[in-house]
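Okay, thanks for making room for me today. I'd like to walk you through one model, piece by piece, so have the viewer open and follow along.

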Amino acid sequence: MEHLKTLLIANRAEIATRILKTAKKLGIRTITVYTEPDAASTHVSEADVAVLLPGSPAKAYIDGDEIIKVAKEYKADAIIPGYGFLSENADFARAVAAAGMAWVGPSPESIEAFGIKHTARDLAKKAGVPIVPGTQGLIANEEEAVKESEKLGFPVMLKATAGGGGMGLAIAHNTDDVKKSFAMVKSRGENLFKNSGMFIERYYPDSHHVEVQVFGNGLGNAIHFGERECSIQRRHQKVIEECPSPFVVKHPHLRERVCSAAVRLAESIQYGSAGTIEYLVDDKSGDFFFLEMNTRLQVEHGITELCYDVDLVQLMLRQADAGIAGKGGLAAKELELLQRKEPHGAAIEARVYAENPARDYAPAPGTLQIVKWAERPGVRIDTWVHTGTIVSSNYDPLLAKVMVHRPIRDDAIEAMHKTLTHSRICGPPTNLDFLAAIVDDLQFARGITMTKFLTEFKYAPAAIDVIAGGAYTQVQDYPGRPTMGRGFPHAGPMDPLAFQIANLLVGNSRGAAGLECTLDGPELHFLAPAVIAVCGAPMDVKLDASPIAMWARVHVRAGQKLKIGKTTGGGCRSYLAIRGGLPSVAEWFGSKATSPGVAVGGYQGRQLAAGDLLAITRDIPDFGHEPLALPKKIIPQYPSHWDIFAMVGPYEEGYLRPEDVEMIYNTKWQISHNAARGGIRLIGPKPKWARADGGEGGAHPSNVVEYGYPVGALNWTGDDPCIFPVDCPDFGGFVSSTTIIKADYWRLGQMKAGNTMQYKKVSLEDALALRMGVNRFIDSVEKVCKGSGDFDDIEPLSYGTLPPSAESGYHGKAVVHYVKAKGKQPQTFYRQGGDDYILVEYGDGTFDLNHRCRVTALMKALRESRGDISFSKGLINMVSCCTSLLIYYDGTKIPQAKLISHLVNLEAELGDLSRSKVPSRIFKLPISFDSAKEKNAIKRYMETQRPYASYLPDNVEFVAKNNGFERKDLIRILTTSKLMTVSVGFFAALPLCLPVDPRERMNCPKMNPSRVFTPEGQVSWGGSCMALYNVESPGGYQLTGLTIPGVDYLGSKKHYSLSRPWLFEDFDQLTFHEVSEEEYERQLALFHSGRYEYQIEHTVFDMAEHNKLLEETKDEVAEIRKKQKRAQDEMQKLEDELMEKWMKEKAAGKIPMDKVEALLNDPGIEKITSPLNANVWKVTAEEGQLVKANDVVAILEAMKLEISVRAEDGVQGKAEKLLVRPGDVVNAGDPLVLVRKG
């Protein structure tokens, strides 16, 4: 290019990315524009400059003034519009020229001439191009429309003269149709195109849509690049296109006629740039008629490029460059040299959309969890998406144009079918299977498809259409992600026993993906035949309104509807297994399991909702008609009271008093209504504790320095007990005193609100024996399902008698081994956490980077271990914190005593690490203080959770005061300190950091209650550590600034990958430099678009130097701690006063818990629950008020969204009791309103 050096692309997504490729090839500097929903598009990441447009995302791409402003600011020489948006806006084209830039497209006059259809018809007629018989000029009224239609002969088509893209059209077969359609077409023209004019044409039902690609130089010369067939359309939108047209190929001389007519028309108006003349071709006669001219680059231009070996975008840019040079356009001779008589080979294009074929192909926005294209030679994929792209509801859901080019059409068809069937897109539903079905159709193979093809084409996806999602239905598989860690839960089914048996009944592997249904299941429409089984807690299960048996194999016919209703007895979860699993659900770290708390895995990282589509297999084996069902005697029982087997530990002796320990095992605990996958709260007595406080772990005696949490642990958050199931955080700083054994995970998963439970201590030996018993039971069921043996021969799981250790009272201790301190080696505790966890803990419960160094060394040694104790022989995962390492292992493969012995030997081999050097990275991150986002988060907290506290309204001021500092001192520490990452996890790879210099260490309590919402990138302080919240989430640490997050779930951004979606590692050092809020937002936008460059310095952390610093500053640090203690005592006194005041205010209107539980257990009460963790924003229901289905009873606030809670279908009665008030914090499943039936 001689003059066109910088190009602004005034478009988005696929076409913007496609234009970028040519511009880069030509060495042109590129500028793209984008909106927040498009931040991750390739057209943003691949541009030289990408500019975020202000204003509404829905209107930003048509804001011509703003786009021109950007172009001028970045010194663009030209603007190219692509297709859609402003591509055929003559006023915008003029404005571009008026701003001193070239318009890469036809003249404004050409755009206007062909933008009005009746004017375009007149131009075509003058150029000698046949036009469809129709009216002369516009139709004035309905009477004239009827008269002209009768004159033309039915059927006819009413067309908005300014319409396009298939909008503003209606087919009429008689005068009544004309009358019905007239007002609609007129209204659509006015609303969509600001032009209510319309005309009428004869409609040819048996016709082809054929178009010719032309290119003119604006000087009266034009050429063509053959024709394309675009007959396969849905709602007048093209779906599959071909070059050349199979119909034209079969009719000699037709190409010459349609192409020469197109060139005549283009030359008649001195057309300049690329354009397309569209024809309707009668299938019977081969006659063709002008439909319209598109004065822009066409969506399907790529297949012409493949068959004619031309780059149409390059031609457009060359034409614009010639215009800038004052030549008016390309020379005629240049055009003539490009003219070819015949296409080379055959090309097919399929448009891939995110759309739901079960819902009339409605757009389906969402996150693309996997994008894998089956690319091979001769395949071209023009796309803007990748794994991790979020498809917005603001725009057209086109994901890609898949094009294949082969020497002959049959080969092209075969290649297209392979490409479509071997490509994989997981997330929202797409039309990939629909496109493959079209390409596989005999009519398509014969090349005889017409515009009515899709109205007659029969397609039924092998899928389940979700009519209603139920209370809390998720995709799970087994065992989930036990090896993941880093703040991403294990996931998997809460009841692994029922889940595995359901899979075995349908012939799946035990762990295949299925659905977990909690309390009230989904309603599902099967669009294809399936084999299913529902196992678990008894529920009201019906197929086409007829009850079906649970724990049995069931055959479902296409078209049938399955409704899994509410629980009808004990337990709270059932599982739906489908033969073949759920093939379209993406795997994330080897599992399809959903972790909704961190929004990963499963279907879009969330529970199912109406409108979701789950693909199922078409390959169903012939099981015959022999019934397969578990007999009643071996079906697990789901009582209302549960005796649950557990082992002591990891923390007991020295933390709880002996009477506290006895209390835990002697109490009949009640299950709170707050019982979910992330935690099951218990109602009962409180411990008195053996300690006055938690030392460096925190002010409360339940606090400890952070450590890894075993699944099944009884965790004390303050004085409140909570059992940690499979979705619990992987580390934290509260005591866990007893751990449920793995054999009882399935029973833990079935305990529901209102049930009672009692712990029964067992020994390790009995725990393993019980687990082996459960495993044998499942093995026996599997044998029968595979055709060997009989269900009647299987012994049921029995819980009528206690294991020996529970009777004898001998069940071991929490600390299973202890090594005294020796020289530079700290004292070491080996604590058990159930039958699968060992916690190795160093020191005396204080933060010490020497311990962190030791943890790192032990981890390395274990990873390198070979033989009987290794990750190939039974080790599963590790969770490291500053002073401890939690080891997760398979207790049936590695004996606990053998593991302890191995760990002790490794410890001796580690030796003295006080002078070791550890690889480290220093991150230099921006931080913004007092930002609007942070202030709004605190404001929302005060409005909806707690109105006043010692830490409100300014968290930064509070943290400073709590440590005897001034605000400026805290900011100085945050902007000058090196903060060592001592653990990564808890929630979405959150880095927990400790200041390297002990003089800069601080302490402060967490918010009470914790927040429902924390902004992404939030720098915060709690206890002795800084935490960086990588994603929007709940949280309790004090808000002290905003920075760039360090996680990208699907690994599409710079510095991330799908196998490593987190950034920070242990021993990374975080540093901050202050930036303005405006600069922070600019850098955050770069992060969202995948273009942020982290500043990282690789270094080595010298433990000898650090220990020297500790020794030199110990006296100074002691004085600092005294000063901090005085300040903290004062702030704690203030907090106690404010808390007491607030609690009294809350108690004044609070309902007693015993009354709540009584109502919840009343069969005449219907409860309306919270769908998610949130704040109560408003309560719209009133006690005594009639509540019926779909009434809004409350409005919740979560993640900056307001969520209306509605009464479900079937609810009818008076509001008996409101359980919440504005400002309350609720969790998913919490009851909000109790309705008395009737």
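**A walk through the model**

Let's start with one pair of residues: Ile922 sits opposite Gln1069, which belongs to β56. Before I go on, please keep in mind that this is a predicted model.

So where does that pair live? Strands β48 (residues 917-927) and β56 (residues 1069-1074) run parallel to each other, paired over six bridges. They belong to an open sheet of eight strands, and if you read across you get β55-β52-β53-β50-β49-β56-β48-β57, with mixed pairing. At the edges you find β55 (1038-1042) and β57 (1095-1102), each pairing on one side only. From one strand to the next, the twist averages 35 degrees. Now look for helix α28, residues 967-976: this helix lies across β48, β52 (1018-1022), β55 and β56, and runs at about 125 degrees to β56.

While you're in that part of the chain, find Phe986, in the loop between β49 (979-985) and β50 (990-995). Phe986 isn't a glycine, yet its phi is positive, about 65 degrees. Buried or exposed, or something in between? With a relative accessible area of 32%, Phe986 is partly exposed. Asn1190 is another residue other than glycine with a positive phi, near 80 degrees. You'll find Asn1190 in the loop between β60 (1186-1188) and β61 (1192-1198), and Asn1190 is partly exposed too, at 48% relative accessible area.

Next, the other sheet I want to show you. This one is also open and has eight strands, in the order β13-β12-β9-β10-β11-β14-β21-β19, and the pairing is antiparallel. β13 (288-294) and β19 (379-383) are at the edges with a single partner strand each, so each has one side without a neighbour in the sheet. The twist here averages 25 degrees from strand to strand. For a closer look, take β10 (residues 222-234) and β11 (residues 237-243), an antiparallel pair with four bridges. Arg234 has Gln237 of β11 as its bridge partner. And helix α1, residues 13-25, lies across β19 and β21 (398-406), at about 120 degrees to β19.

On to the loops. Thr135 is in the one between α7 (117-126) and α8 (142-152), and Thr135 is buried, at 5% relative accessible area. A polar atom of the Thr135 side chain is 3.4 Å from the backbone oxygen of Gly137. Leaving out residues up to four places away in sequence, Thr135 touches Arg121, Glu148, Leu152, Phe199 and Ile200. A bit further along, between α8 and β6 (156-164), there's Pro155, and the peptide bond from Phe154 to Pro155 is cis, with omega near 0 degrees. There's a cis bond between Leu952 and Pro953 as well, with omega about 5 degrees; Pro953 is in the loop between α26 (932-944) and α27 (955-962).

Now for a helix that's well hidden. How many of the 10 residues of α19 (residues 496-505) are buried? It's 10 of the 10, so α19 is largely enclosed by the rest of the structure. The cover includes β24 (473-476), β25 (514-518), β27 (530-536), β32 (573-578), α21 (745-748) and α22. At the N-terminal end, Asp495 acts as a cap, with a side-chain oxygen 3.0 Å from the backbone nitrogen of Leu497. After α19 comes Gly507, with a positive phi near 85 degrees.

That brings us to the inside. The largest nonpolar core has 148 residues, and Ile723, Met757, Tyr759 and Phe791 have the most contacts within it. Helix α22 (residues 764-785) gives the most to this core, eight residues. A second, separate core has 45 residues, among them Phe923, Leu1042, Leu1063 and Val1075.

Last thing, for anyone wondering about cysteines: how many disulfides does the structure hold? Zero. Why isn't Cys572 bonded to Cys517? Cys517 has the closest cysteine sulfur, but at 12 Å from the sulfur of Cys572 that is too far for a bond. For Cys722, the closest cysteine sulfur is in Cys728, 8.9 Å away, and that's too far as well. Both residues are tucked away: Cys572 is buried at 4% relative accessibility, and Cys722 is buried at 5%.

Conventions:
Residues are numbered from 1 along each chain as its sequence is written. This is a predicted model: local features need pLDDT of at least 70, side-chain atom pairs count only at pLDDT 80 or more; totals for chains, interfaces and linings use all residues. Side-chain values use heavy atoms; hydrogens and water are left out. A nonpolar core is a set of buried Ala, Val, Leu, Ile, Met, Phe, Trp, Tyr and Cys residues joined through side-chain atoms within 4.5 Å. Buried means under 20% relative accessible area, exposed over 50%, partly exposed in between (1.4 Å probe, protein chains only). Helices (H or I, at least four residues) and strands (E, at least two) are DSSP runs, numbered from the N terminus. A disulfide is a pair of cysteine sulfur atoms within 2.5 Å. A polar contact is a pair of N or O atoms within 3.5 Å; within protein, one must be able to donate a hydrogen and the other to accept it, and residues adjacent in sequence count only if both atoms are side-chain atoms. Contact means heavy atoms within 4.5 Å. Two strands pair if DSSP finds at least two bridges between them. Axes are lines fitted to C-alpha atoms, for helices over the stretch in contact, and angles run from 0 to 180 degrees between N-to-C directions.
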